[in-house]
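Dear colleague,

I am passing on the structure we spoke about, and my notes on it follow below. Please read them alongside the coordinates.

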Amino acid sequence: MNDKPHAPSCERNRDPILAVLREHLADRHSVLEIGSGTGQHAVHFGAALPQLQWQTSECAAAHEGIRAWLAEAALPNVLAPIALQIGRDPWPVQAYDAVFTANTLHIMAWPEVEQLFAGLGTGVLARGGRLVVYGPFNEGGRYTSDSNAAFDEWLRARGAHMGIRDIEAVDALAREIGCERVVDLAMPANNRCIVWQRHA
């Protein structure tokens, strides 16, 4: 299909992210992707990791584009998107042993980031489950690169609620729901991929 939505950043970052998922989700079975965007990540990761049942989610307006990618890929382990806009839609009742989200925390308002972690803590992320977050982060209240500083300025010009988050603040939210940081990996373009595991 020629009318599928396309995000060039997904093409650039999908293989470095996949390397992390191969290692840290090798023993997982069900993944909830929060903020599936175009659907490109879902089909790429779903094809490479057939042991995972990959549940896509997004605001309802993006579902048509995600469905276009899923229809073309025809992967039995990648499921049609559910409506999940943090702070608006109800959380799924199913528990997942892994949750993945990419390039979302800096788009959401901080109260929505808090609601995301609180929602995972209600049982969406199962005990012993792993949370994988990809994107840019500040450290110690400071930008880790000039490009991240410029990106943060660009974000805030688009919306005052957006901005690169401090890893210490996000880590505190994870600890509140019983998650311990497993790894914090440097990724291309000054991004990071962080894996937390919830206590069993």
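In this predicted model, the lining of the largest pocket draws at least two residues from each of helix 1, strand 4 and helix 5 (146-158), and helix 5 is the element that gives the most, with six residues. The lining comprises 39 residues in total, and those that lie nearest the centre of the pocket are Ala102, Asn103, Thr104, His106 and Ile107. By residue class, the lining of this pocket divides into 18 nonpolar, 15 polar and six charged residues, while the volume of the pocket comes to about 1000 Å³.

Turning to the sheet, the model has an open arrangement of seven strands, in the order 3-2-1-4-5-9-8, with mixed pairing. Its edges are formed by strand 3 (78-83) and strand 8 (179-187), each of which pairs on one side only, and the twist from one strand to the next averages 20 degrees. At the strand 3 edge, strand 2 (residues 53-58) pairs with strand 3 in the parallel sense over four bridges, and glutamate 58 has alanine 83, in strand 3, as its bridge partner.

Two helices should be viewed together with the sheet. Helix 1 (residues 8-24), which also contributes to the pocket lining, lies across strand 2, strand 4 (96-102), strand 5 (125-135), strand 8 and strand 9 (191-198), and runs at about 145 degrees to strand 8. Helix 6 (residues 167-176) also packs on the sheet, where it touches strand 8 and strand 9, and its direction makes about 20 degrees with that of strand 9.

Best regards

Terms used: Residues numbered from 1 in each chain as written. Predicted model: local features only at pLDDT ≥ 70, side-chain atom pairs only at ≥ 80, totals over all residues. Heavy atoms only, no water. Pairing = 2+ DSSP bridges. Axes fitted to C-alpha atoms, helices over the stretch in contact; angles between N-to-C directions. Contact = heavy atoms within 4.5 Å. 1 Å grid on protein atoms, 1.4 Å probe; cavity = no way out; pocket = protein on both sides within 12 Å on 5 of 7 lines; lining within 4 Å. Points joined across faces, edges and corners; volume = space filled by probe spheres on them. Nonpolar A, V, L, I, M, F, W, Y, C, P; charged D, E, K, R; others polar.
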